[in-house]
Amino acid sequence: MKAKTINFFVQSLLFVASAVALAPQVAMALGDKVGEFTLPVEVHWGEVVLPPGAYSISADARNSTSMMCVHKQGSPRASYFIPAVEQETIPASFQKTQLVLGEKDGMVYVKELQLGGEGLQLHYAPPKFKK
């Protein structure tokens, strides 16, 4: 019963995260805002743990597009630089920009950021289980 509840919860989060305001951008220059999203629960993204709330995301102008900068809206000092572990090209016909979430050991985490308008898919490592 608990596994079904967690699975439904993760699927619901995926829908919420992808359905929110992550609209595709036609041209993403370094430093440009990629989109906005709202997390209803705590989410692990790389080595960062994001509390629930509204966020915006942009490419880090000092690095390649595989380094994203996540800003917590309403908190000017809460910015996180999150590197992808892998980057790959996706078909240009894929126009959606979305976060893909997963669940591991009861923790929700970002698996991928798909930048459809740019033809990029960034992969992120699952959180490490703390003993």
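# Chatting through a strand-rich model

User: Let's start with H123. Which strand is H123 found in?

Analyst: H123 is in strand 10. Just so you know, this is a predicted model.

User: Thanks. Is H123 buried or exposed?

Analyst: H123 counts as buried, because its relative accessibility is 14% and the cut-off for buried is under 20%.

User: And what does H123 touch, leaving out residues up to four places away in sequence?

Analyst: With those left out, H123 touches A84, V85, E86, E88, K111 and E112. With E88 there's also a polar contact of 2.5 Å between the two side chains.

User: OK, let me zoom out. How many helices and strands does the protein have?

Analyst: There's one helix, and there are ten strands. Going from the N terminus, the helix comes at the start of the order and the strands follow, α-β-β-β-β-β-β-β-β-β-β.

User: How much of the protein is buried?

Analyst: The protein has 131 residues, and buried ones make up 42% of them. As for the outside, the accessible surface comes to about 7,400 Å², and carbon and sulfur atoms account for 58% of that.

User: What share of the contacts is between residues 24 or more positions apart?

Analyst: Taking the contacts with a separation of 6 or more, 44% are between residues 24 or more positions apart.

User: Now the sheet. What's the strand order in the open one with four strands?

Analyst: The order is 1-4-5-6, and the pairing is antiparallel. Strand 1, residues 33-39, and strand 6, residues 79-83, are at the edges. Each of those two has a single partner strand, so one side of each has no neighbour in the sheet.

User: How much are neighbouring strands turned against each other there?

Analyst: On average, 25° between neighbouring strands of this sheet, with direction ignored.

User: What holds strands together in a sheet, generally speaking?

Analyst: Strands of a sheet pair through backbone hydrogen bonds, and the pairing can be parallel or antiparallel.

User: Back to this one, then. How many bridges join strand 1 to strand 4?

Analyst: Six, and the two strands run antiparallel, with strand 4 covering residues 53-59. F37 is opposite Y55 of strand 4, and E36 has S56 of strand 4 as its bridge partner.

User: And on to strand 5, how many bridges from strand 4?

Analyst: Five bridges join strand 4 to strand 5, and that pair runs antiparallel too. Y55 turns up here as well, opposite K72 in strand 5.

User: Why is strand 4 described as largely enclosed?

Analyst: Six of its seven residues are buried, so the rest of the structure largely encloses strand 4.

User: What about K33, which strand does it lie in?

Analyst: K33 is part of strand 1. It's partly exposed, with a relative accessible area of 45%. K33 and A59 are 26 residues apart in sequence, with 6.9 Å between their C-alpha atoms.

User: New topic: the largest nonpolar core. Which residues touch the most other members?

Analyst: F37, W45, I57, V70, L113 and Y124 do, in a core of 23 residues. Several strands supply at least two residues each, among them strand 2 (43-45), strand 3 (48-50), strand 8 (97-104) and strand 10 (120-123).

User: Which strand gives the most?

Analyst: Strand 9, with four residues. Strand 9 spans residues 107-115.

User: Where is the place of V108?

Analyst: V108 sits in strand 9, and at 6% relative accessibility it counts as buried. V108 and V41 are 67 residues apart in sequence, yet 8.2 Å apart from C-alpha to C-alpha.

User: How about C69, where does that lie?

Analyst: C69 lies in strand 5. At 5% relative accessibility, C69 is another residue that counts as buried. I57 is twelve residues away along the chain, and 5.7 Å separates the two C-alpha atoms.

User: Last one: what's the phi of D105?

Analyst: Near 50°, which is positive in a residue other than glycine. Most residues other than glycine have a negative phi. D105 is in the loop between strand 8 and strand 9, and it's partly exposed at 48% relative accessible area.

Technical notes. Residues numbered from 1 in each chain as written. Predicted model: local features only at pLDDT ≥ 70, side-chain atom pairs only at ≥ 80, totals over all residues. Heavy atoms only, no water. Pairing = 2+ DSSP bridges. Axes fitted to C-alpha atoms, helices over the stretch in contact; angles between N-to-C directions. Core = buried A, V, L, I, M, F, W, Y, C linked by side-chain atoms within 4.5 Å. Buried < 20%, exposed > 50% of the residue type's maximum accessible area, 1.4 Å probe, protein only. Polar contact = N/O pair within 3.5 Å; in protein donor to acceptor, adjacent residues only side chain to side chain. Contact = heavy atoms within 4.5 Å. Areas by Shrake-Rupley, 256 points an atom, 1.4 Å probe, with all protein chains shown as cover.
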